[in-house]
Amino acid sequence: MRNIIPALLSIGAGFAISFFGLDFYSNSLENGNNITAQSSEVTAPIETVKTSSEEEEEAPEKNSTVNESSASSTSIDTEDIQKSFDNWEAYTKENIDLMSTFTPLDDEGAIMEKGIFLTLLRTGAYIPVKSEKDGKVLYQLTGIDDSADEKIKKSIVSKASIAHQYFKMEGKKLPDYNFVDLKGKAHNKADTKGKLLVIKCWFITCKVCVEEFPELNELVDKYKDDKIEFVSLAFDKKDELVEFLETKEFKYPTIPEQKDYMAKKLKVKQYPTHLIVDANGVIIKMVSNVKTLTSELERIMGK
């Protein structure tokens, strides 16, 4: 904790600036000016209530510490992964998803609250390093080397900022909705009551969004006998979506022209984004890729 206390103090010094900066950033997003698509081809218009499952995993006794000898990891060389931005990107791609379910640890291995963990990552003073214990994923704060590529700091700050925003949405009620899909079927609270609701946010020209279709179709088939409803929200107009989906099989019912709902109501910051909403209409998870969505559904459904 000795390294975290100075970091927390530094947060206080620059919090006002960060607050107003983030507020301006959030407002610009709501006006559709800064949407991030997870595709190199597209830049388009576009977290601290905890769920019960997170409380179980992420908020044990405050001074509990994970014994490193009992936590398994693949001998991570923290200096090596910071030698270059490419090394860092390769490591994070395989090991780190800040939107997934994990146990956050401070730099001495003590379990901490996820919101604070993400806030510390947003200072640019730390990177997360993965390990595992008893089948659970652990992410531990590790100080960034002074010699590390500045792009590593910028990358982790950006990712932690979006993850923190999504984390703040978890535990909140899904904003009121009354969707009508391309086939004229209604999707509202009455229709989805008692069901788990899975929502995908996307648009036609988002390459990564479209590349996920086959795996998402597999999820629809896998859970067809369970009380789960899958729905997708798209930016695009009805005619454009009908024509596009004639060439791309997608088993989610799709709702056209939902840009404002996604950006202003759901606070979506990048695409694709997936939400898992419980039977009571509470958002329990917001994630940014089909791999994490799949693992979160398996965790929730037990299969």
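This passage looks at strand β7, the nonpolar core and the aromatic pairs in a predicted model.

Strand β7, residues 196-202, has 7 of its 7 residues buried, so the rest of the structure largely encloses it. In a regular strand, side chains alternate between the two faces of the sheet. Here L196, V198, K200 and W202 point one way from β7, while L197, I199 and C201 point the other way, and all of them are buried. β7 has partners in β8 and β11. With β8 (residues 228-234) it runs parallel, joined by 7 bridges, and V198 stands opposite F230 in that strand. With β11 (residues 273-277) it runs antiparallel through 5 bridges, and there I199 stands opposite L275.

W202 of β7 turns up again in the core. The largest nonpolar core holds 74 residues, and L98, L174 and W202 touch the most other members. Helix α5 (residues 150-169) gives the most to this core, with 8 residues.

As for aromatic contacts, the whole structure contains 14 aromatic pairs. One of them is F179 with Y261: the ring centres sit 5.2 Å apart and the planes meet at 90°, so the pair is edge-to-face. It links distant parts of the chain, F179 in strand β5 and Y261 in helix α10, 82 residues apart. Both F179 and Y261 are buried. W202 and F250 are also edge-to-face, because their planes stand at 85°, with the centres 5.9 Å apart. With W202 in β7 and F250 in the loop between α9 and β9, this pair ties together parts 48 residues apart in sequence. W202 is buried at 0% relative accessibility, and F250 is buried at 10%. W202 and F250 also belong to one aromatic cluster, together with F213, F230, F244 and Y252.

Notes: Residues numbered from 1 in each chain as written. Predicted model: local features only at pLDDT ≥ 70, side-chain atom pairs only at ≥ 80, totals over all residues. Heavy atoms only, no water. Buried < 20%, exposed > 50% of the residue type's maximum accessible area, 1.4 Å probe, protein only. Helix = DSSP H or I, 4+ residues; strand = E, 2+ residues; numbered from the N terminus. Pairing = 2+ DSSP bridges. Core = buried A, V, L, I, M, F, W, Y, C linked by side-chain atoms within 4.5 Å. Phe/Tyr/Trp six-rings, centres within 6.5 Å; stacked < 30°, edge-to-face > 60°.
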